[in-house]
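User: I'm new to this one and would like a quick tour. Can you put it on screen so we can go through it together?

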Amino acid sequence: MKKILIVSIILGVIIRLILSIATYHQDLGAIALAGKYIVGDGHWLDFYNLSTLDVSKTIFNYQPLAYLIPSLVYLPFFGIIKNFGELLVNNSWLNSQPANFNFLLLLFKLPMLFADLAILFLLPRFFEKENNKQTAQIIWALNPVAIYVSSIMGQVDIILALLILASSYLIIQKKYFLSAIFIAISALIKPIGLIILPVIFFNSIPAALTGFGVYLLGILPYLNLASYRHYALFADQINKSTFAGITIAPGTQIPWFFIAYLLILYLYWQKKLTTNQTYLGILLSSLAFTHFHPQWFIWLMPPAIIYAIKSKQLLVLGLIVLSWIVVLLSFDDTLFLRSFLHSQLSL
């Protein structure tokens with residue numbers, strides 16, 4: 001098993017590195033452009049306004065840490081970020097020729113790759129048996145969802161997944177304040193973390209309130225920006241989970257999401273669900289009743305792997321990943337095939 005683990009990790013790293021320099025999706029352009037504004041030009045607190053000066057480039061519609069965390073990783077590469085951060089939002093270099101390899105893409109995907117690697121080493125902490133620890137690492141190293149999000153899309157969802165996984169581990173360790181802070185930080189990337197934060201209330205009300213406080217403190221510097229409030233704080237995608245529901249009167253319905261969500265919280269309160277199962281159920285309920293983006297599925301993968309190994313349901317996990325691949329291929333080809341056809345991006 002040890003040799004299989006080593007081979008899997010090495011193979012997983014090689015695959016990620018190759019795909020990182022060979023693939024591109026336009027969502028990475030927003031992260032790169034924000035890096036230029038923040039690291040290159042010093043606009044740490046008003047970068048949202050800069051994106052609205054030319055909306056044909058891109059719009060910053062994520063929460064602040066979705067741009068600030070990658071920018072911290074970009075700091076040692078100040079010169080490159082300043083000169084080339086805007087290049088990735090210029091679609092003029094996109095064409096149908098075979099993809100070229102470019103290490104500039106690897107640089108901008110580094111924050112996501114670091115988060116990917118961190119999950120690889122955090123997952124074993126959820127198990128006692130050495131065999132289970134190694135199985136979790138093998139699955140993650142070769143996990144197509146993780147590889148897709150970190151190496152092809154270069155999306156911050158994998159950083160969010162790391163923070164949520166860390167908060168789950170901290171609850172198990174009864175470190176409720178730290179867990180709440182990690183959830184709040186994840187919500188400052190994408191607000192999905194806010195629906196997990198109530199779990200802390202069942203363990204420590206002061207810790208949960210601290211989490212909400214950290215979240216409010218994180219958005220406070222940007223509340224005065226109309227561009228932040230319009231495009232990020234009240235972004236359209238926030239309400240997607242509540243679209244499907246039971247119609248009880250014309251124009252009035254009860255969202256299926258809230259029904260599932262409250263049931264999961266009740267079962268957790270009654271100690272019928274573990275912390276990991278509760279996290280998995282909440283995250284799954286946020287996606288099950290809506291049209292979701294393929295990269296969002298990464299939120300589910302760490303708790304799903306933990307559950308599958310502990311319950312010995314690896315076949316079910318495999319079927320879930322297979323279903324995700326089918327969903328991915330049913331989307332527009334810019335989310336997969338055309339990621340390999342970006343070429344002509346050069347220094």
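User: How many salt bridges does the structure hold?
Analyst: The structure holds four salt bridges. Keep in mind that this is a predicted model.

User: Take arginine 16. Which residue does it form a salt bridge with?
Analyst: Its partner is aspartate 116, and the closest N and O atoms of the two are 2.7 Å apart.

User: And where in the chain are those two?
Analyst: Arginine 16 is in helix α1 (residues 2-22) and aspartate 116 is in helix α6 (residues 103-122). The two are 100 residues apart, and the pair links distant parts of the chain.

User: Switching to rings. How many aromatic pairs are there?
Analyst: The count comes to 21 aromatic pairs. One of them is formed by tyrosine 48 and tyrosine 67. That pair is edge-to-face, with 6.1 Å centre to centre and 90° between the planes.

User: Why does that pair tie parts together?
Analyst: Tyrosine 48 lies in helix α3 (residues 47-51) and tyrosine 67 in helix α4 (residues 65-74), so the pair ties together parts that are 19 residues apart in sequence.

User: Now empty space. How many cavities of 30 Å³ or more are counted?
Analyst: One cavity of 30 Å³ or more is counted. The largest cavity has a volume of about 30 Å³.

User: Which residues line the largest cavity?
Analyst: The lining is made of Ile164, Leu165, Ser168, Asn276, Tyr279, Pro303 and Ile306. The elements that give two or more residues to this lining are α9 (157-172), α15 (275-288) and α16 (301-310). The largest share, three residues, comes from α9.

User: What's the split by class there?
Analyst: Five residues of the lining of the largest cavity are nonpolar, two are polar and none is charged.

User: What about pockets? How much space lies in the second largest one?
Analyst: About 360 Å³ lies in the second largest pocket. There are 18 residues lining this pocket, and the closest to its centre are Leu280, Leu284, Ala304, Tyr307 and Ile320.

User: Which elements give two or more residues to that lining?
Analyst: Those are α15, α16 and α17. Helix α15 gives the largest share of the lining of the second largest pocket, six residues. By class, this lining has 15 nonpolar, three polar and no charged residues.

User: Last topic, the outside. Which residues form a nonpolar patch on the surface?
Analyst: Leu315, Leu319, Leu322, Ile325, Val326, Leu329, Phe336 and Leu337 form one, with about 770 Å² of accessible area together.

User: And leucine 322, which helix is its place in?
Analyst: Leucine 322 is in helix α17 (residues 314-330).

Conventions: Residues are numbered from 1 along each chain as its sequence is written. This is a predicted model: local features need pLDDT of at least 70, side-chain atom pairs count only at pLDDT 80 or more; totals for chains, interfaces and linings use all residues. Side-chain values use heavy atoms; hydrogens and water are left out. On a 1 Å grid over the protein atoms alone, a cavity is a set of points where a 1.4 Å probe fits but cannot get out, and a pocket is an open set with protein on both sides within 12 Å along at least five of seven lines; lining residues have an atom within 4 Å of a point. Grid points are joined across faces, edges and corners, and a volume is the space filled by probe spheres set on the points. Helices (H or I, at least four residues) and strands (E, at least two) are DSSP runs, numbered from the N terminus. Ala, Val, Leu, Ile, Met, Phe, Trp, Tyr, Cys and Pro count as nonpolar, Asp, Glu, Lys and Arg as charged, and the others, Gly among them, as polar. Patches are made of residues with over 30% relative accessible area and no salt bridge: like charges are joined within 9 Å, nonpolar side chains (Val, Leu, Ile, Met, Phe, Trp, Tyr) within 5 Å. Accessible areas come from the Shrake-Rupley method with a 1.4 Å probe; for residues, only the protein chains shown count as cover. A salt bridge is a side-chain nitrogen of Lys or Arg within 4 Å of a carboxyl oxygen of Asp or Glu. Rings of Phe, Tyr and Trp (its six-membered ring) pair if their centres lie within 6.5 Å; planes under 30 degrees apart count as stacked, over 60 as edge-to-face and the rest as tilted.
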